[in-house]
Amino acid sequence: MSLTDDQNKTIEEKVKKMVDDMGKGLATKSEFIDGMKKAIGFEHEKMEATETTLKETQGQVVDLEKELILMRKQLKSLIATGMSSSRSYKGFLSIEEAKNFGLFAMSIAGNKKARTALEKSGIEVKAMGDGNESGNFLVPDDFYNSLIVMMDRCGVYRSDARPWPMSRDNGSAPILTKGGSVYCPGAGVAATPSDLTFGMVQLNALKLLVYMLINNELDEDAAIAIGPIVAQDMIRAFTRTEDKNGFMGDGTASYFGTVGIIQSIYRVNTTVADNKGLHVQGTPGAWSDIAMSDILSLLGMLPDFAEEGNNANFYCNKNFYYTVLLNLALSLGGANATEAIVGLTGREPVFMGHKVKFVSSMPKVKPAADHCPLLLGDLSLTCYLGDRREVTIEQSKEAAFANDQTAVRGSERIAQAVFGHKTVDEDGNNAAGATVGLWADIG
């Protein structure tokens with residue numbers, strides 16, 4: 001970069017002054033030379049500083065141009081999606097988050113372009129351990145809010161059970177088995193202390209896995225579709241298993257050794273007529289023989305403490321609700337029918353003042369043996385969901401190498417345990433717990 005006219009003029013003036021000083025004997029030859037170097041050097045420093053500032057400005061202009069291009073793309077995307085980037089999208093908080101999760105799924109499948117695009121969005125793909133191409137990856141924190149929302153939305157057991165953090169695979173959680181007693185001491189008489197008695201419920205964490213294959217040739221444009229598919233399928237698989245084990249588990253290998261709510265209530269007394277937590281269908285036979293009196297008896301069996309806070313819900317298969325409960329409500333007419341219809345309009349079924357939550361693993365049609373198609377209770381007082389480890393994703397290119405696919409495996413470590421399936425009355429006898437059930441007698 002050459003000197004400007006003003007800089008050249010300034011140097012000339014300084015040189016002229018130094019020549020005059022040397023002619024008058026006010027400066028030596030060496031002082032003249034040093035002065036020349038300083039004058040020229042100072043102007044060169046100003047010139048270099050100006051050049052540096054110019055380069056920085058040019059760089060900022062380039063960055064602004066890049067941001068403008070990105071903004072134009074985002075605006076185009078907003079217009080194409082009806083200005084809906086801030087709306088939820090298939091369980092995600094926004095379309096952008098759905099796309100980013102798709103990029104994450106593709107990046108762990110070995111798609112380097114997807115990984116680069118994800119990192120440009122400020123989301124880092126972290127490996128567990130050495131971070132090899134075939135390794136384990138932690139789901140970024142950016143997606144946990146949406147994943148948790150989807151898990152709670154899909155999983156009835158997960159959303160209603162009492163959560164319990166676990167620091168190791170095997171542990172225990174407390175349950176209150178005996179509360180305080182009330183006394184009325186006289187003046188000057190010390191109060192009688194109550195001994196709170198706690199029991200412990202064992203929590204053994206299980207590792208649940210979801211295994212799927214992703215094509216390696218998928219490009220970045222497919223991310224917005226891949227994100228919801230992978231996330232929802234994974235979450236649906238986890239929560240379906242949690243519901244199946246938590247409600248229907250009988251302790252066998254089919255349920256990974258888990259004993260669920262129905263079996264826990266049944267095992268208190270297998271003579272169901274004497275079981276305080278089960279009401280036996282009054283008229284044996286089909287589901288159509290279940291009467292409103294059976295439902296009212298179930299409501300009457302539920303302990304008062306289980307209805308505090310309005311957390312007691314009905315739990316059944318969707319088909320049981322429409323073919324039995326809704327039929328009973330509509331047959332009564334009047335206020336009960338209106339209540340059922342209002343519940344349907346609000347997308348939240350209700351029956352006799354209680355929410356009805358659908359559990360797909362509970363009986364859909366009448367089985368060939370006696371069974372429990374309906375539960376009523378507060379699951380937060382009935383069962384635990386132990387959380388040992390958050391969702392992680394593992395991948396391997398070798399597993400499906402021949403098909404040019406990457407094997408992706410999601411996993412979580414949880415424990416499920418039922419503790420509130422029975423209580424003890426004042427005489428020490430078994431009594432109904434925080435959840436009770438209707439026992440369908442096939443006759």
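**Exercise 1. State what share of the 443 residues in the chain is buried, and describe the chain's secondary structure and contacts.**

Solution. Buried residues account for 39% of the 443 residues in the chain of this predicted model. The secondary structure consists of 11 helices and 16 strands. Turning to contacts between residues at least 6 apart in sequence, 70% of them join residues at least 24 apart.

**Exercise 2. Assess the confidence of the prediction from the pLDDT of the chain.**

Solution. Begin with the chain: its mean pLDDT is 74, and 55% of its residues reach 70 or more. Next, consider two stretches. Residues 81–93 have a pLDDT below 50, and this stretch has 36 contacts in the model beyond near neighbours in sequence. Residues 128–138 also have a pLDDT below 50; counted in that way, their stretch has 30 contacts in the model. Finally, apply the general caution: predicted coordinates should not be read in detail where pLDDT is low.

**Exercise 3. Identify the buried residues of helix H9 and determine how they are placed around the axis.**

Solution. Helix H9 spans residues 292–301. Its buried residues are Met292, Asp294, Ile295, Leu298 and Leu299. These residues cover an arc of only 160° around the axis, which places them on the same side of H9. The underlying geometry is general: an α-helix has 3.6 residues a turn, so residues three or four places apart point the same way.

**Exercise 4. Characterise the largest cavity by its volume, its lining and the classes of its lining residues.**

Solution. First, the search: over the whole structure, 1 cavity of 30 Å³ or more is found. The largest cavity holds about 30 Å³ of space. Second, the lining: it is formed by Val268, Asn275, Lys276, Gly277, His421, Lys422, Asn430, Ala431, Ala432 and Gly433. Strand S15, residues 430–432, supplies the largest share of this lining, with 3 residues. Third, the classes: the lining comprises 3 nonpolar, 5 polar and 2 charged residues.

**Exercise 5. Decide whether proline 165 is buried or exposed, and locate it relative to arginine 389.**

Solution. Proline 165 lies in strand S3, which covers residues 162–165. Its relative accessible area is 66%. The cut-off for an exposed residue is over 50%, so proline 165 is exposed. For the second part, compare sequence and space: proline 165 and arginine 389 are 224 residues apart in sequence, while their C-alpha atoms are 8.9 Å apart.

Notes. Residues numbered from 1 in each chain as written. Predicted model: local features only at pLDDT ≥ 70, side-chain atom pairs only at ≥ 80, totals over all residues. Heavy atoms only, no water. 1 Å grid on protein atoms, 1.4 Å probe; cavity = no way out; pocket = protein on both sides within 12 Å on 5 of 7 lines; lining within 4 Å. Points joined across faces, edges and corners; volume = space filled by probe spheres on them. Helix = DSSP H or I, 4+ residues; strand = E, 2+ residues; numbered from the N terminus. Nonpolar A, V, L, I, M, F, W, Y, C, P; charged D, E, K, R; others polar. Buried < 20%, exposed > 50% of the residue type's maximum accessible area, 1.4 Å probe, protein only. Arc of directions from axis to C-beta. pLDDT = per-residue confidence, 0-100. Contact = heavy atoms within 4.5 Å.
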